[in-house]
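Thank you all for coming. I would like to walk through one model this morning, starting with a charged pair and then moving outward to the fold as a whole, one helix and a stretch of surface.

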Amino acid sequence: MINKKLHFSAWRFVLALAIVLFSTTAMAQDDASAGEPAAAQASGADAAKGKELFNANCAACHKLYKKAVGPALNGVSEKYDREWLYKWINNSAALIASGDPQAVALYNEWGQQNMNAFPGLSTQDIDNILAYTDTPKPEKAAGAVAGAQQGGAVAGGDNSMTNNIILAALAIVLLLLVVLLVGVNKTLKRFAEANGIQTEIIDEEELDRKPIWKAFVENQFLVLVTSIVLLFASLYFVYGAMMSVGVDQGYAPVQPIHYSHRIHAGTNQIDCKYCHSSARESKHSGIPSLNVCMNCHKSIAEVSEETYQEGMNEYGIDYNKEIQKLYKATGWNPDEMKYAGEGEPVRWVRIHNLPDLAYFNHAQHVTAGKIECQTCHGPVEEMEVMYQYSPLTMGWCINCHRETNVDLKGNGYYEQIHKELSEKRGGRQLTIADLGGLECGKCHY
């Protein structure tokens with residue numbers, strides 16, 4: 001009876017604990033839903049749809065919690081009458097022209113910049129957008145980020161801390177096993193000595209046996225074969241070491257401002273030649289001017305929460321701090337939205353560098369040859385930290401010229417020449433080598 005009562009009491013305790021946990025979760029969900037804007041709940045607007053409309057129509061000039069080209073829009077529905085907002089968003093220019101005092105004041109306050117008209121947005125669409133703009137600023141995410149930064153390590157420290165605890169426990173267990181084995185060994189030796197047991201076995205025949213090194217030295221054939229093997233092995237490694245001189249494959253220096261090709265070329269699918277525009281018509285691909293960066297980053301002062309957490313978890317990089325370095329270098333004041341300070345040079349570290357005796361023309365490969373950037377530079381759209389993907393050796397270039405076929409599309413000027421040359425080669429498709437790609441003077445002048 002006592003066991004049954006205890007068993008029944010235990011189940012009552014577990015059930016009560018489950019009810020408490022469920023109630024706590026439900027209360028937390030109620031609190032989260034209570035934080036939704038009252039206007040959104042009252043009007044039945046959809047903040048999720050509003051986010052999509054905001055990103056498609058408003059995000060180029062507005063942010064929720066920080067001013068950009070236009071004012072911050074968080075809580076804008078409480079500042080202005082909703083009917084007035086419908087008119088302002090649909091056609092702000094018409095509202096200003098009508099002499100509306102609120103519209104004129106807002107127009108003058110923001111430097112008389114004309115806001116785009118959005119006549120295609122219905123009142124329901126605008127309600128959805130306003131529901132999204134009323135979303136309170138997520139303080140919890142900021143606290144989590146601060147906690148990750150305070151640790152001085154990558155966010156997601158719980159996992160690393162758990163791993164450290166497991167490794168520490170394994171190290172302690174291993175240490176205890178070593179101590180235990182040493183103790184057992186000593187105990188067995190003492191037991192053997194106490195009982196007169198011999199612990200070391202001595203083979204008298206081994207005392208008369210010749211040492212192996214002396215037998216090896218006296219065998220001239222083995223000495224000769226070993227010497228030849230060691231000689232060729234030494235030559236192999238010396239040759240490999242000499243051939244690797246000046247080859248910086250895998251070189252990935254730390255840059256003064258972290259630039260993620262993974263985010264720009266991968267996630268956002270920005271074309272390589274948008275930043276490296278000189279690669280189309282110049283020998284050099286060029287280092288993009290910071291003005292090119294500011295074309296986008298005038299309006300992008302912070303990365304999305306998903307991108308931020310991804311970088312913190314995988315790489316330990318605070319992207320927002322890197323953007324602030326860009327602002328400091330350009331003298332850009334994100335609060336006043338203008339260049340208010342003096343810029344300073346950014347000392348980028350060069351990654352790809354050919355010797356002075358070699359000539360390489362980006363335009364010849366990118367424009368004339370229509371070679372993709374990834375052919376030489378690797379999958380840059382996946383690189384968080386840019387590194388030298390290819391060896392860039394002479395042999396590597398020659399192999400490429402031997403294997404790459406000539407693209408004759410749209411090249412009418414050389415069509416007849418290519419046709420005659422192809423006939424001389426047995427009608428096969430021409431490679432770069434057939435057009436003189438292996439001549440010394442093409443790359444060395």
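Let me begin with E384 and R262, whose side chains meet in a salt bridge, with a distance of 2.7 Å from N to O. Please keep in mind throughout that what you see is a predicted model. This pair links distant parts of the chain, since E384 sits in the loop between α20 (373-377) and α21 (394-403), whereas R262 belongs to helix α14, residues 261-267, and the two are 122 residues apart. Both E384 and R262 are buried.

In general terms, side chains of opposite charge can pair when their charged atoms come close. The structure holds 5 salt bridges, and I will mention two others here. In one of them, the side chains of E336 and K338 meet at 3.7 Å, N to O. E336 is partly exposed, with a relative accessible area of 46%, and K338 also counts as partly exposed, at 45%. In the other, R428 and D434 pair through their side chains at 2.8 Å, again N to O. Here the two partners fall into separate classes, because R428, at 38% relative accessible area, is partly exposed, while D434, at 14%, is under the 20% limit and is therefore buried.

Let me now step back to the protein as a whole. The protein has 23 helices and 2 strands, and of its 445 residues, 22% count as buried. If we take the contacts between residues at least 6 apart in sequence, 66% of them join residues at least 24 apart. The accessible surface comes to about 31,500 Å², and carbon and sulfur atoms account for 60% of that area.

From the many helices I have picked α7, which spans residues 101-109, and the question I would put is which of its residues are buried. They are A103, L106 and Y107. Seen down the axis of α7, these buried residues fall within an arc of 100°, so they line one face of the helix. That is a pattern one can rationalise, because an α-helix has 3.6 residues a turn, so residues three or four places apart point the same way. The cover over the buried residues of α7 includes α5 (82-90) and α6 (92-97), whereas the face turned away from the buried side carries the exposed residues P101 and E109.

The two ends of α7 also deserve a look. At the N-terminal end, D100 acts as a cap, with a side-chain oxygen 3.2 Å from the backbone nitrogen of Q102. Just after α7, G111 takes a positive phi of about 65°.

Finally, let me turn to the surface, where I212, W213, F216, V217, F221, L222, V223, V225 and V229 form a nonpolar patch, with about 890 Å² of accessible area together. The elements that give two or more residues to this patch are α12 (212-218) and α13 (220-243), and α13 gives the most, with 5 residues. As one example, V225 lies in helix α13. V225 is partly exposed at a relative accessible area of 35%, which is over the 30% required of patch residues, and so V225 meets that accessibility condition.

I will stop there, and I am happy to take questions.

Technical notes
Residues are numbered from 1 along each chain as its sequence is written. This is a predicted model: local features need pLDDT of at least 70, side-chain atom pairs count only at pLDDT 80 or more; totals for chains, interfaces and linings use all residues. Side-chain values use heavy atoms; hydrogens and water are left out. Patches are made of residues with over 30% relative accessible area and no salt bridge: like charges are joined within 9 Å, nonpolar side chains (Val, Leu, Ile, Met, Phe, Trp, Tyr) within 5 Å. Accessible areas come from the Shrake-Rupley method with a 1.4 Å probe; for residues, only the protein chains shown count as cover. A salt bridge is a side-chain nitrogen of Lys or Arg within 4 Å of a carboxyl oxygen of Asp or Glu. Helices (H or I, at least four residues) and strands (E, at least two) are DSSP runs, numbered from the N terminus. Buried means under 20% relative accessible area, exposed over 50%, partly exposed in between (1.4 Å probe, protein chains only). The arc is that of the directions from the helix axis to the C-beta atoms. Contact means heavy atoms within 4.5 Å. A polar contact is a pair of N or O atoms within 3.5 Å; within protein, one must be able to donate a hydrogen and the other to accept it, and residues adjacent in sequence count only if both atoms are side-chain atoms.
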